[in-house]
Amino acid sequence: MEITVNVQLPEDFMSLCTIYNIQPQQFIQSFINKVSFPSYYTGTSKQMKWATLFFLQYVEMAEQDSDTEYDLEDHYLQRFTDTLTENMKNDGGVKARAAVRVVMMDWQKAVLAERAKYITDQL
Amino acid sequence: MKTEINNHWLTIPLEFRVACTVYRLKEQEVLQIFINHATVYDSLADAYSLGYSEASKTIGIYVAEKRRTPNGSHAFSHCLANAANCFRWINELAKKVLSSSVAKRKKSLLYVDELYKNMKRVYTSSDTFYLDENRSLNFTKDFTVLCELHNCYPAEYLENFMNKISTAEMQARTGLKIPNDNFTMAFFMKVVLGFGRENNEVAEFTEKEVDFICEMDEIRLRIHTVRNLDQRITILKKFYLNHYQDINTSN
């Protein structure tokens, strides 16, 4: 999926990009490529973890005033953890990654269904 | 048959050892601070006093569960009237609204002194308690009176205190936003921040400790997916234990 994002480029970020000759767009792309529960929780690579950790920290800070569906979160995170333990084999996490990705998809669907409820309930 | 328990020997729980290692505290120092802040006065007072309330109420809850004194305290049985008076005066002090806690606690020492002098020691044979050849604790008059009053051995109070200390449990609760009503742990965390400690200078972190702090930061976030309190505690316990073993094998 591709969308157009408008962001403010802060001065410090811009100067770093200039100094190291980095396209902001590419940088942001490479960052968000690494934000992933399936990869982080099955990953062995230390390089991969920072982006997801940043995400987790962001979620932790934002938790109080966000509209997260906590019941769903509890349920699906539990499923996530269980699926992970069941599927972690000595294959570098390939099987587990696929399995938890399914959980994430289901979770996403459930959240969307929950948020659309107020419309469907009116029908 | 009566089981003999060695009441002059302290079993230091692993979780307590781990907590002290994580926060670089001496076990002996933490226990001594606990002893210094457990007073008869604060067991009776409702007003909150930093540190004193937590320490005294930790003992209060323990003795309320044990109920060892259906027939009164053994140590005071020979001087009941006098002892009762002392406790009554301390209680009156505790209920008085006007003066400050510091002043009232100081004044209560007068009566604690009297109690200490008159009691026939049953549970506290000495004011010094040896943890091992090199480390010892000193009991205050308040602390020994609290032992004798409730027919308890000092080791019981100390073990009960230590058993309530668990960094893993505290962390797990904080992470899941489950209210934490463990005020004994709160007391410990105050000590971590310097409460009651003489030496506040911070030694340099070793490489292992720096690694540990980074890992601690990560694991806190990583366990976001674990929503079950017990599971979280298990994971964190293991994590802290690893650090503890790591530190202790290197020394």
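In the predicted model, the cover over the buried residues of helix α7(B) includes α2, α3, α4, α5 (80-95), α6 (101-118) and α8 (154-163) of chain B. Helix α7(B) itself comprises residues 141-149, and because 8 of its 9 residues are buried, the helix is largely enclosed by the rest of the structure. The buried positions run through Asp142(B), Phe143(B), Thr144(B), Val145(B), Leu146(B), Cys147(B), Glu148(B) and Leu149(B). Just after this helix, Asn151(B) adopts a positive phi of about 55°.

Two of the buried residues of α7(B), Asp142(B) and Leu146(B), recur in the surroundings of Thr39(B). Thr39(B) occupies the loop that links α2 (27-37) to α3 (40-44) in chain B. Its relative accessibility is 4%, below the 20% limit, and Thr39(B) is therefore classed as buried. When residues up to four places away in sequence are not counted, Thr39(B) touches Tyr52(B), Ser56(B), Arg105(B), Asp142(B) and Leu146(B).

A second buried position in chain B is Leu10(B), which has a relative accessible area of 7%. Leu10(B) lies in the segment that precedes α1 (14-22). With neighbours within four places in sequence left aside, the contacts of Leu10(B) are Leu31(B), Phe129(B), Leu131(B), Ala155(B), Leu158(B), Glu159(B) and Met162(B). The C-alpha atoms of Leu10(B) and Pro154(B) are 9.4 Å apart, although 144 residues separate the two in sequence.

Ala64(B), by contrast, belongs to helix α4 of chain B, which covers residues 52-66, and has a relative accessibility of 47%. This value falls between the limits of 20% and 50%, so Ala64(B) counts as partly exposed. A C-alpha separation of 19 Å is found between Ala64(B) and Met185(B), which are 121 residues apart along the chain.

Chain A contains 6 helices and 0 strands, arranged from the N terminus as α-α-α-α-α-α. The radius of gyration of chain A is 18 Å, whereas a compact globule of 123 residues would have one near 14 Å. The C-alpha trace of chain A spans about 50 × 45 × 30 Å along its principal axes. Of the 123 residues in chain A, 27% are buried. Among contacts in chain A with a separation of 6 or more, 49% are formed by residues 24 or more positions apart. The accessible surface of this chain amounts to about 9,400 Å², and carbon and sulfur atoms contribute 57% of that area.

The largest pocket encloses about 970 Å³ of space. Its lining consists of 25 residues, and those nearest the centre are Phe37(A), Phe55(A), Met104(A), Trp107(A) and Gln108(A). Two or more lining residues are contributed by each of α3 (37-42), α4 (49-62) and α6 (94-120) of chain A. Helix α6(A) provides the largest share, with 8 residues. Classified by residue type, the lining of the largest pocket comprises 13 nonpolar, 7 polar and 5 charged residues.

Definitions and conventions:
Residues are numbered from 1 along each chain as its sequence is written. Chains are lettered from A and ligands numbered from 1 in the order in which they are written. This is a predicted model: local features need pLDDT of at least 70, side-chain atom pairs count only at pLDDT 80 or more; totals for chains, interfaces and linings use all residues. Side-chain values use heavy atoms; hydrogens and water are left out. Helices (H or I, at least four residues) and strands (E, at least two) are DSSP runs, numbered from the N terminus. Buried means under 20% relative accessible area, exposed over 50%, partly exposed in between (1.4 Å probe, protein chains only). On a 1 Å grid over the protein atoms alone, a cavity is a set of points where a 1.4 Å probe fits but cannot get out, and a pocket is an open set with protein on both sides within 12 Å along at least five of seven lines; lining residues have an atom within 4 Å of a point. Grid points are joined across faces, edges and corners, and a volume is the space filled by probe spheres set on the points. Ala, Val, Leu, Ile, Met, Phe, Trp, Tyr, Cys and Pro count as nonpolar, Asp, Glu, Lys and Arg as charged, and the others, Gly among them, as polar. Contact means heavy atoms within 4.5 Å. The radius of gyration is taken over C-alpha atoms; the globule rule is 2.2 Å times the number of residues to the power 0.38. Accessible areas come from the Shrake-Rupley method with a 1.4 Å probe; for residues, only the protein chains shown count as cover.
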